[in-house]
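Me: Let us go through this model by question and reply. Short answers, please, with the cut-offs stated.

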Amino acid sequence: MNYMTLPQRVTGRQAARALYRLKPRSGDLNILSFKEVRFIDPFGIIMAAEFLRYLFFASERVAIYLPLDTAALGYLRRSRFVEFAANLGQVLPESKAFYSSTREEEWLLPLTPLRHEGEIPDLVGRIFTALKSLFEKSRILEPVLANQLSTLLAELCQNVTQHSQDLGLVIAQVYRYHNDRDAGEKGRFLQLAVGDLGIGLRGSLSKRYQTLDWDDAEVIRQALRQGVSSLSDEGRGLGLAQVYQKTALLKGSMLLHSGSSLLHSTGGGDEFSESAYFPGTQIALEYHTSRMK
């Protein structure tokens, strides 16, 4: 058995870096261990879910080891990650631990499969309704932002159904935690995350552009340019670029993983780093509620 242990925090850029350090072994039972995990965010869920799918397709011998921390275990269950993982391999330990928590429950859209474009209106509609209700009750944001954020999520979902040629996964949550980049910063965060294991940005753009000389970071840069698209239809190629630009205007951050490169864009600055390679594209949009008023 090959245990691949995740750190205590699996969030944002740390999630991609943690997966980058893992070394699957061919012909062995590869166990993705959450034993030490105490906190994981939606992007961490998406990255771990797609990593498990990638392992399953490559070796077909996959398992996960559940967290010892009861709060982390409860979140993996509420987010439907455990249910999702059980369809790919064994879940350890097999006994079902009881979960209870006195922590504040934050709004969550659990891990949801996205198979075709016809599912997008219902999915985005559910998120819009939930966000609007949340904003009105808590007054943490202006309700009009529910429509803007839902539109951004719809764009990401459409990219999956129109370009990826693969099953998409979607998760969204409002939660509290210390931000990775701004040490000591607290407050509520909204994160929308979408992922797939499809042809990726390179596969999509190579239909119209010569991408052989581009590294994965350059592929991401080109994909975020206004008007660049794999489709020749007039007016195409605006979706991902608009999401990128609108997220900056809302003072949010974007995490975009493609190939073996990870973009972290925040505050008008783009930072690229190497990450674990697996197919497809994984994206998260994160907003600190105090910055969006």
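Me: Which residue in β5 is the bridge partner of serine 33?

Reply: This is a predicted model: local features need pLDDT (the predictor's confidence in each residue, from 0 to 100) of at least 70, side-chain atom pairs count only at pLDDT 80 or more, and totals for chains, interfaces and linings use all residues. Residues are numbered from 1 along each chain as its sequence is written, and side-chain values use heavy atoms, with hydrogens and water left out. Strands β3 (residues 30–33) and β5 (residues 62–65) pair in the parallel sense over 4 bridges; two strands pair if DSSP finds at least two bridges between them. In β5, serine 33 has as its bridge partner tyrosine 65.

Me: Why do β1 and β6 each have one side without a neighbour in the sheet?

Reply: The open sheet has 4 strands in the order β1-β3-β5-β6, with parallel pairing. Helices (H or I, at least four residues) and strands (E, at least two) are DSSP runs, numbered from the N terminus. One side of β1 (2–5) and of β6 (90–92) lacks a neighbour because each strand stands at an edge, with a single partner strand.

Me: What twist does this sheet average, and what angle does α2 make with β5?

Reply: Axes are lines fitted to C-alpha atoms, for helices over the stretch in contact, and angles run from 0 to 180 degrees between N-to-C directions. From one strand to the next, the twist averages 25°. Helix α2 (residues 42–59) packs on the sheet, touching β1, β3 and β5. The direction of α2 makes with that of β5 an angle of about 150°.

Me: Which element gives the most residues to the largest nonpolar core?

Reply: A nonpolar core is a set of buried Ala, Val, Leu, Ile, Met, Phe, Trp, Tyr and Cys residues joined through side-chain atoms within 4.5 Å. The largest has 44 residues; Leu6, Leu32, Phe34, Ile64, Phe81 and Leu111 touch the most other members. A second, separate core of 40 residues includes Leu109, Leu149, Ile220 and Tyr287. The top contributor to the largest core, with 9 residues, is α2.

Me: Is glutamine 282 buried or exposed?

Reply: Glutamine 282 lies in strand β11 (residues 269–288). Buried means under 20% relative accessible area, exposed over 50%, partly exposed in between (1.4 Å probe, protein chains only). Glutamine 282 has 0% relative accessibility, so it counts as buried.

Me: Which side chain makes a polar contact of 2.6 Å with that of glutamine 282?

Reply: Contact means heavy atoms within 4.5 Å, and beyond four places in sequence glutamine 282 is in contact with residues including Phe43, Asp196 and His257. A polar contact is a pair of N or O atoms within 3.5 Å; within protein, one must be able to donate a hydrogen and the other to accept it, and residues adjacent in sequence count only if both atoms are side-chain atoms. The backbone oxygen of proline 279 lies 3.3 Å from a polar side-chain atom of glutamine 282. The side chain at 2.6 Å is that of histidine 257.

Me: How many of the 8 residues of α8 are buried?

Reply: Helix α8 (residues 216–223) is mostly covered. Its cover includes α7 (200–205), α9 (239–249), β10 (253–266) and β11. Among the buried residues are Asp216, Ile220 and Gln222. The buried count is 6.

Me: What pLDDT does the protein chain average?

Reply: At least 70 is the score of 82% of the residues. Residues 97–105 fall below 50, and residues 178–185 stay under 50. The protein chain averages 83.
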